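Reader: Before I use this model for any calculation, I would like a close look at one part, namely the interior packing of the helices. Please start from a single position and work outward, with the geometry where it is available.

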Amino acid sequence: MTTHEYTAGATPPLGSARVHPGPTPSPVSAPTTAPGSAADSAPRSASAPKKPGRDRYLDLLRSIALVRVVVYHLFGWAWLTVVFPSMGVMFALAGSLMARSLSRPPLGVIRGRVRRLLPPLWAFSAVALALMFAGGWNVVKDPDNGGTWGLVKLIDYVIPFGAPPFPWHVGSKSGLLEDTWAVQAAGPLWYLRAYLWFVIASPLLLWAFRRVPWATLLAPLALTAVLGTGLVTIPGETGNAISDFTVYGGCWVLGFAHHEGVLQRVPRYLAISCSALLMAFGLWWASGHLGPDGWDLNDIPLAQAAWSFGFVVILLQYSPSWQELPGRLARWDKLITLSNNRAVTIYLWHNMLIMATVPIIDQAYNLPFMQSDSAVAALDSSYMVWMFLLVWPLIGLTILAFGWIEDIAAKRSPRLWPNGAKSVKTAKSAKSAKRKKGASRGNHRV
């Protein structure tokens, strides 16, 4: 089995309005305190300590990764996995945050990470399972997931230790949603499974990294080579979970290396040269092991591991550690802040929202001015563009509807639209407090 940006055994990316089942997949851009959490992400430098606060460079990387995930799942462009390996980037950022947090007692850190992860998952699972059951799915009678074991596996919708069961076909082909929608909706859950196991393993991994850093850093690549070349095969979901762990384990430990300052101690020319060679090997291996979607690295574990590892090293070597977004990037500040604060929500829901665009756009065919052949042909040819344009407002509505659960999970006051903008009331209160403070100082001086 291969490692994908989908759930193990799920269908290929959403490349059209109608998706047919096939082996595999996921990112679903993603989401850290939970995948892609909005927690404080300033790494520790090898030299001078940085000011406390958010590292906006890492926030920018996480936002790009989430957007790439959505675009990939919508259009299914295989080359996107080469241009920007989102999952490797997201795991590296999560690993850096985890290393930062492990300055505190490990059990408390793990408990906090799991607490932030589960409530958003529960909200998603409640909606997804309700729709599956309403569509007539009976997990006990499911030929692929049936019996008592299928019923027990539903626990993975509550705590993602493994891959959750889902029907390959549910509802009707003539219904509002394609009858394979459940496969796509469950796709992003593989990432939560991998993230949970990385979090649990992090105290041991960080302990090993601090004692034998290079062996710990390179061990996942070596294990991927053993599994990815077929020297050892592990069947079923266990094999998929181990494959995910090895393919992205190097990126997770790279997050440790970034936080601990190990990468900064490596001469840049040497790090970039070695990364380029590793990435070249990944592309060479991919060229001889192309999957059904060509250069989609999600179908080629060893190539994915090598390319993602080298790519992440380069990104972190050039990490400028911005306290504020510079130049023209500053205009995107609010959207980047929002996406980081709602990374889990965006990642969990985006696949389902992509599919939800189809019945909405299909209503356009019933409009009076759409009855000519030319109008229908125009809509057909631009269908994917309309899906792309429509999915972002739907993501925005989902952030309003479910995003606040991330705040509750993090023990913060719930916020509907946390883009970093201060409300007028808050600004006035701050200004008033500042005036009072100034007046108090003036009276003291007199």
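**From one helix position outward**

Author: Valine 69 has its place in helix H1, and the model in which we examine this residue is a predicted one. With a relative accessible area of 0%, valine 69 is buried, a class that requires under 20%. The C-alpha atom of valine 69 is 6.7 Å from that of serine 86, although these positions lie 17 residues apart along the chain. Residue 86 is also where the range of helix H3, residues 86-101, begins.

Helix H1 (56-75) can also be approached from another side, since it is among the helices against which the buried residues of H13 pack, together with helix H14 (343-362), helix H16 (383-402) and helix H17 (404-409). In H13 itself, which covers residues 333-341, the buried positions are Ile336, Thr337, Leu338, Ser339, Asn340 and Asn341.

Two loops connected with these helices deserve attention for their backbone angles. Most residues other than glycine have a negative phi. Serine 321, in the loop between helix H12 (301-317) and H13, has a positive phi of about 50° although it is not a glycine. Lysine 411, in the loop between H17 and helix H18 (424-445), likewise has a positive phi, near 60°. Their surroundings can be set side by side: serine 321 counts as buried at 13% relative accessibility, whereas lysine 411, at 67%, counts as exposed.

Returning to H3, we can ask what touches this stretch of the chain from elsewhere. Glycine 255, which lies in helix H9 (residues 236-260), touches Ala92, Gly95 and Ser96, leaving aside residues up to four places away in sequence. The C-alpha atoms of glycine 255 and alanine 94 are separated by 7.0 Å, while 161 residues separate the two along the chain. Glycine 255 has 0% relative accessibility and therefore counts as buried.

A further link from H3 is aromatic. A pair of aromatic rings is described by the distance of the centres and the angle of the planes. For phenylalanine 91 and tyrosine 191 the centres are 4.7 Å apart and the planes are at 45°, so this pair is tilted. Phenylalanine 91 belongs to H3 and tyrosine 191 to helix H7, so their pairing ties together parts that are 100 residues apart in sequence. Both of these residues are buried, and both belong to a cluster that ring pairs build from Phe91, Trp190, Tyr191, Tyr195, Phe198, Phe245, Tyr248, Trp252 and Tyr347.

A search of the whole structure finds 28 aromatic pairs. One of them, between tryptophan 77 and tryptophan 79, is stacked, with 5.4 Å from centre to centre and 15° between the planes. Tryptophan 77 is partly exposed, at 35% relative accessible area, and tryptophan 79 is partly exposed as well, at 47%.

From tyrosine 191 we can follow H7 to another helix. Two packed helices are described by the angle between their axes and the distance between the axes. The axes of helix H4 (residues 106-134) and helix H7 (residues 189-211) come within 9 Å and cross at roughly 170°, which means that H4 is roughly antiparallel to H7. On the H4 side the contact is made by Pro106, Ile110, Arg113, Val114, Leu117, Leu121 and Phe124, and on the H7 side by Leu189, Leu192, Tyr195, Leu196, Val199, Ile200 and Pro203. Of the residues in this contact, 13 are nonpolar, none is polar and 1 is charged. Tyr195 takes part in the contact with H4 and is also a member of the ring cluster described above.

Finally, a word on confidence for your calculation. The protein chain has a mean pLDDT of 86, with 83% of its residues reaching 70 or more. Over residues 6-51, however, the pLDDT is below 50, although this stretch has 207 contacts in the model beyond near neighbours in sequence. Residues 441-446 also stay under 50, and for them the model has 0 contacts beyond four places in sequence.

Key
Residues are numbered from 1 along each chain as its sequence is written. This is a predicted model: local features need pLDDT of at least 70, side-chain atom pairs count only at pLDDT 80 or more; totals for chains, interfaces and linings use all residues. Side-chain values use heavy atoms; hydrogens and water are left out. pLDDT is the predictor's confidence in each residue, from 0 to 100. Contact means heavy atoms within 4.5 Å. Axes are lines fitted to C-alpha atoms, for helices over the stretch in contact, and angles run from 0 to 180 degrees between N-to-C directions. Helices (H or I, at least four residues) and strands (E, at least two) are DSSP runs, numbered from the N terminus. Angles under 35 degrees count as roughly parallel, over 145 as roughly antiparallel, 65 to 115 as roughly perpendicular and the rest as oblique. Ala, Val, Leu, Ile, Met, Phe, Trp, Tyr, Cys and Pro count as nonpolar, Asp, Glu, Lys and Arg as charged, and the others, Gly among them, as polar. Rings of Phe, Tyr and Trp (its six-membered ring) pair if their centres lie within 6.5 Å; planes under 30 degrees apart count as stacked, over 60 as edge-to-face and the rest as tilted. Buried means under 20% relative accessible area, exposed over 50%, partly exposed in between (1.4 Å probe, protein chains only).
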